[in-house]
Amino acid sequence: MGATSTAPAPRTRRGSARGGETAAGWLFTLPAILIIGVFLVAPIALALWVSFTDWNGRNSPLFNDNVEVVGLDNYAAITTDDSLTRELFGRSIRNNVYYVLFVVPLQTALALFLAVQVNRRLLRGKGFFRTAFYFPSVTSSIAITGVFLFLFASTGVVNRVLALMSVEGPNWFADPRGIIHLLLPQPPASWLEPGFLGVSAWEWIAGPSIAQCVLILLAVFTTSGTFMLLFLAGLQNIGPEIREAALMDGAGPIRSFFSITVPMLKPTLFTVLTLGLIGTWQVFDQVYLTRGTPAASTLTSPAYLAFQQAFTDNEPGIAAAIAFVLFLIIIAMTLIQRWVLADRDEPRNRRRERRRLAEGAARLQVGPTAGAGGGLT
Amino acid sequence: MKERVTGGLITGYVVLVVLALLYIYPFVIAVSGSFKTDQEANADPMALIPETFTFAAYERLFTGTDLPLWATNSFVVTIVVTVFRVFFDSLAGYALSRLRFRGRNTVFALFIAVLAVPSVVLMIPRFLVIKELGLYDTYGGMIIPLLADAAGIFIMKQFFDSIPASIEEAARIDGAGVFRTFWSVTLPMAAPALITLTILSFQGSWNEFAHFVISRQSPDLHTLTTGVGTLVSGQLGSGTQFPLKLAAAVLMTIPVAIMFFVFQKRIMSTTEGGEKG
Amino acid sequence: MKHSKMSAAALAGVLALALASCSGGGGTGATDEPEGSAESLTMLIGSSGDAETQAVQAAADAWTEESGVPVEVVVASNLNQELAQGFAGDSAPDLFYMGWDQFQTYASDDYLEPYAMDLENAGDFYPALVDAFSFEDEFVCAPKDFSTLGLVINTDLWAAAGLTDADIPTDWESLQSAAQRLTSGETVGLSMGPEYQRLGVFMQQAGGGLMDGDTVTANSPENVEALEYVQGLLEAGVLKWPADLGAGWGGEAFGRGSAAMVIEGPWIRGALENDYPDVQFQVAELPSGPDGPGTFTFSNCWGIPEGQDTAETAQDLVAFLTSDEQQLQFSEAFGVIPSTESAAATYAETYPENAAFVTGADYAISPVAFAGASEVVTEFNTKITTLQSADAQALLDELQSQLESAYEASQG
């Protein structure tokens with residue numbers, strides 16, 4: 001399994017066929033290049049332009065006398081201006097940071113746990129368990145969000161179950177209180193002054209709101225299956241012999257898990273974390289669908305805010321600026337993570353990593369956390 | 001030692017069964033909730049078997065909403081996107097794997113770079129381009145941008161790389177052209193990857209939401225995701241209507257569920273195209 | 001020959017692209033204008049419920065019969081957003097509900113066709129409504145109807161709590177005590193949406209308000225008093241937001257019997273008759289506060305996008321829809337009060353049970369609505385959800401500064 005069988009293109013037909021192959025090569029790739037160029041590359045250029053203008057969304061942003069270049073004004077509006085827009089942006093970053101901080105570790109840990117359990121040699125009904133855990137990953141975010149709204153309604157299923165255990169559940173989707181706030185006493189007044197991005201220090205440490213917790217659970221529920229599959233692929237590479245050898249050496253299952261399995265899964269772990277980071281920074285569908293709920297302001301993400309600025313507030317310039325800032329955040333996150341988990345990156349590993357990313361991304365893209373993993377559509 | 005392993009296995013079973021129930025329960029409760037009356041869904045959401053079994057929610061979906069139209073649009077978009085995406089991705093994947101042409105590396109690098117661009121970031125920019133091209137609020141705007149994707153091209157390229165070049169030799173010697181060699185010799189060998197890609201494309205475009213939010217607005221162009229989305233996020237003052245929302249969720253899940261159960265083995269095979277392919 | 005096959009394949013691909021783009025066409029809106037002869041209109045409405053949707057549809061059908069122009073009525077799930085997206089995509093609906101809260105923003109962006117002064121019945125509308133839908137002294141769009149807020153009381157629960165007509169709240173104190181007595185078990189005394197569009201009435205009753213002429217007065221002592229009164233109701237457990245009762249809006253909480261009183265407008269009648277026909281209720285004027293009575297008036301106008309080919313046809317439809325006869329049909333269906341004085345007079349006679357809403361019109365004011373205000377108000381509304389544990393003064397101070405900068409911006 002180790003050696004990637006990269007079959008070289010037939011080198012035999014250099015001479016005459018070469019010209020033909022050039023034409024064919026371009027023709028074969030032309031549709032893809034056109035589509036990706038027009039709908040992926042061109043938009044970036046156009047949006048970059050719009051982010052420097054005061055275009056109001058009417059008519060075309062190009063060759064339009066009413067459109068003026070305003071330099072960095074749109075970027076200033078979300079970073080340095082003392083405005084409501086900046087505060088909305090700051091809050092969306094806050095919300096998203098907590099979303100990432102909770103979803104990524106939880107989904108990774110759960111997926112790894114499930115993969116290890118399901119991978120046991122003696123386990124019967126493997127197929128059933130895999131199906132059960134993976135199925136949520138193929139359904140649509142709309143359907144799942146609808147079901148979760150039902151489950152977490154104020155007198156819904158979850159609260160009834162909690163009531164059976166004599167716990168009074170919160171009114172999930174209507175509860176904007178941050179879970180870290182709940183644990184803390186009222187802060188000194190200085191904490192309430194507008195701080196970074198117009199959001200007070202007290203608001204920054206709020207933690208995810210109770211409503212946000214539902215979205216976090218939803219994300220974990222719908223992605224753990226996909227990542228379980230990626231981990232399973234990695235586990236199968238390790239093979240049972242190695243683990244059995246470890247057991248022979250007297251290492252307990254837990255120790256062998258941490259000293260053998262986890263290190264060997266490091267490449268997969270890397271993929272899962274990358275995809276997780278990229279995906280969670282792009283949360284949109286669920287935020288869009290819950291925009292009418294009372295705690296909606298604790299659920300916003302930069303992706304959603306960009307949408308809102310473009311379509312509700314008629315500020316395409318600010319929307320484009322938010323999109324670029326988000327882009328930078330995602331790139332920075334991936335680089336930091338790559339640096340932390342740095343491996344001596346052999347070219348061969350690079351290739352395999354790329355493949356895992358593409359695979360995982362393609363899988364994630366079909367599921368309820370669509371958007372995860374790259375500009376795939 | 002053996003003891004411990006068995007003990008672990010039993011604990012493992014218990015944990016797995018509990019978890020599996022947790023994963024399945026939301027779907028079961030959604031199905032049963034969709035057959036309840038509004039009142040019962042609120043008063044007794046837990047019951048797995050409705051006290052008064054009713055199709056009211058489904059009836060309302062078919063008479064009171066445009067669900068059939070949404071479903072038609074979803075099928076049209078999904079099928080067109082899937083067919084062309086699989087075709088274009090294989091064409092490009094094949095060229096990148098097999099054909100030697102000047103600029104190949106550049107093209108490949110472009111696709112890899114595109115893989116790294118987060119799609120949600122592109123939502124607003126893509127809307128701008130779709131609008132500029134006059135494709136806004138048309139099937140064209142909904143479909144064309146989805147017709148090729150870098151990840152799919154990559155998967156196909158990887159698979160073609162694993163097929164020995166020698167099988168093409170015979171065909172070439174017979175004088176078959178590049179396209180014929182691709183179409184009738186190499187492509188059939190790539191059936192496993194094609195099936196994988198078909199499934200992924202089908203599910204991906206069936207479940208696509210954000211793109212259809214920004215590429216259309218006319219209610220005639222609602223797909224199931226955007227149409228049901230309006231139900232889920234609730235029309236003004238129409239109340240909670242859980243059975244209706246659940247019924248919609250159930251209906252829109254059926255096609256992907258069928259796809260999933262039919263191709264379960266392939267979808268969940270973790271080695272094929274993954275580590276080995 | 002090799003080439004020809006390859007090109008054929010590539011050509012097929014390109015062709016497919018072309019085909020796909022041609023087969024488009026939303027079927028509505030600006031995209032199929034070239035067809036010319038078969039003109040049709042798209043109407044985007046934000047409906048209070050099935051009753052309103054059906055009534056508007058029926059009216060549109062009636063007009064189609066007269067004019068031969070088909071009208072597609074589209075119910076928005078989020079009117080503001082769908083409207084904005086329509087304008088952003090250059091395919092705005094031909095006719096739409098333009099809310100009082102967004103009107104100034106749209107008018108100042110030149111999105112609206114100013115047509116209302118050309119209507120035959122332009123002089124018949126309530127002057128206050130004409131003001132609300134004028135921009136730079138130009139009467140832009142015709143008011144559709146208007147509504148005020150009242151206190152809606154579940155009469156069965158009222159009687160069950162041992163209350164009589166004499167107990168109908170007239171001031172803040174009696175509102176609190178009535179709510180107290182109505183609160184029991186699963187039922188809370190009072191409910192309303194957690195938004196400025198409801199709580200603002202208490203500000204007016206206390207003698208406050210967000211604006212006084214050109215001055216922003218959001219953090220005035222009167223407004224603090226109003227919010228603190230509402231806080232008191234929340235703390236006493238006699239007021240709960242609809243979401244805390246598992247309902248999507250006040251009317252649903254009321255219909256289910258989770259709330260014995262709600263502050264809502266006349267639209268609640270249609271919704272209740274449709275969804276909860278068994279609920280018995282009556283409507284009273286809102287109680288007075290320290291400074292007297294207060295309620296809000298809300299209105300939509302019929303917006304027509306600026307410079308659209310269909311504008312004239314749409315204008316005909318508006319003339320039809322704002323005729324006294326048609327407005328009274330809307331009233332019958334979902335309770336709104338007609339926007340013309342003559343029709344409103346007929347309305348008051350025909351529906352004595354809605355008299356309280358009409359009386360309210362005497363002292364009702366419009367919520368603040370300058371361009372850009374709605375974003376600030378939306379932000380304020382998100383804070384109201386947690387009013388119970390909040391500091392009213394701090395909340396209003398924040399609102400004050402946001403509203404001030406928004407107002408400055410709107411004045412250019």
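1. A residue is called buried if 20 or more other C-beta atoms lie within 10 Å of its own. In this predicted model, Ala150 of chain B has 27 C-beta neighbours inside 10 Å, and therefore it counts as buried. Ala150(B) belongs to helix H8 of chain B, which covers residues 150-162. Although Ala150(B) and Leu110(B) are 40 residues apart in sequence, their C-alpha atoms are 9.1 Å apart in space.

2. Chain B as a whole is divided into two domains, with domain 1 covering 1-64 and domain 2 covering 66-276. The C-alpha centres of domain 1 and domain 2 of chain B lie 31 Å apart, and 14 residues of domain 1 of chain B are in contact with eleven residues of domain 2 of chain B. Which elements of chain B give two or more residues to the side of domain 1 that touches domain 2? They are helix H1 (2-34), helix H2 (38-43) and helix H3 (56-64) of chain B, and H3(B) gives the most, with five residues. By class, the residues on this side of domain 1 of chain B are seven nonpolar, four polar and three charged.

3. Chain A has 15 helices and zero strands, and 53% of its 377 residues count as buried. If one takes the contacts in chain A between residues at least 6 apart in sequence, 73% of them join residues at least 24 apart.

4. Chain A also touches chain C: 24 residues of chain A are in contact with 26 residues of chain C. On the chain A side, helix H1 (17-50) and helix H13 (302-311) each supply at least two residues, and the largest share, six residues, comes from H1(A). This side of chain A is made up of 13 nonpolar, ten polar and one charged residues.

5. In chain C the reader should look for an open sheet of five strands, whose order is S2-S1-S3-S14-S6 and whose pairing is mixed. S2 and strand S6 (142-148) of chain C are the edge strands, each of which pairs on one side only. On average, and with direction ignored, neighbouring strands of this sheet are turned by 25° against each other.

6. At one edge of the sheet, strand S1 (residues 41-45) of chain C and S2(C) run parallel and are joined by five bridges; Leu44(C), for example, has Val74(C) in S2(C) as its bridge partner. Between these two strands the chain passes from S1(C) through helix H2 (residues 50-67) of chain C to S2(C), and the β-α-β crossover made in this way is right-handed. Is strand S2(C) largely enclosed or largely open? Four of the five residues of S2(C), which covers residues 71-75, are buried, and so this strand is largely enclosed by the rest of the structure.

7. At the other edge, S6(C) and strand S14 (residues 297-303) of chain C pair in the antiparallel sense over six bridges, and within this pairing Phe298(C) of S14(C) is the bridge partner of Ser147(C). Helix H4 (residues 100-108) of chain C packs on the sheet, where it touches strand S3 (95-99) and S14 of chain C. The direction of H4(C) makes about 110° with that of S3(C).

Key
Residues numbered from 1 in each chain as written. Chains lettered and ligands numbered in written order. Predicted model: local features only at pLDDT ≥ 70, side-chain atom pairs only at ≥ 80, totals over all residues. Buried ≥ 20, exposed ≤ 12 C-beta atoms within 10 Å, placed from the backbone. Pairing = 2+ DSSP bridges. Right-handed = clockwise from strand over helix to strand, strands pointing away. Contact = placed C-beta atoms within 7 Å. Nonpolar A, V, L, I, M, F, W, Y, C, P; charged D, E, K, R; others polar. Axes fitted to C-alpha atoms, helices over the stretch in contact; angles between N-to-C directions. Domains from an automatic or database assignment.
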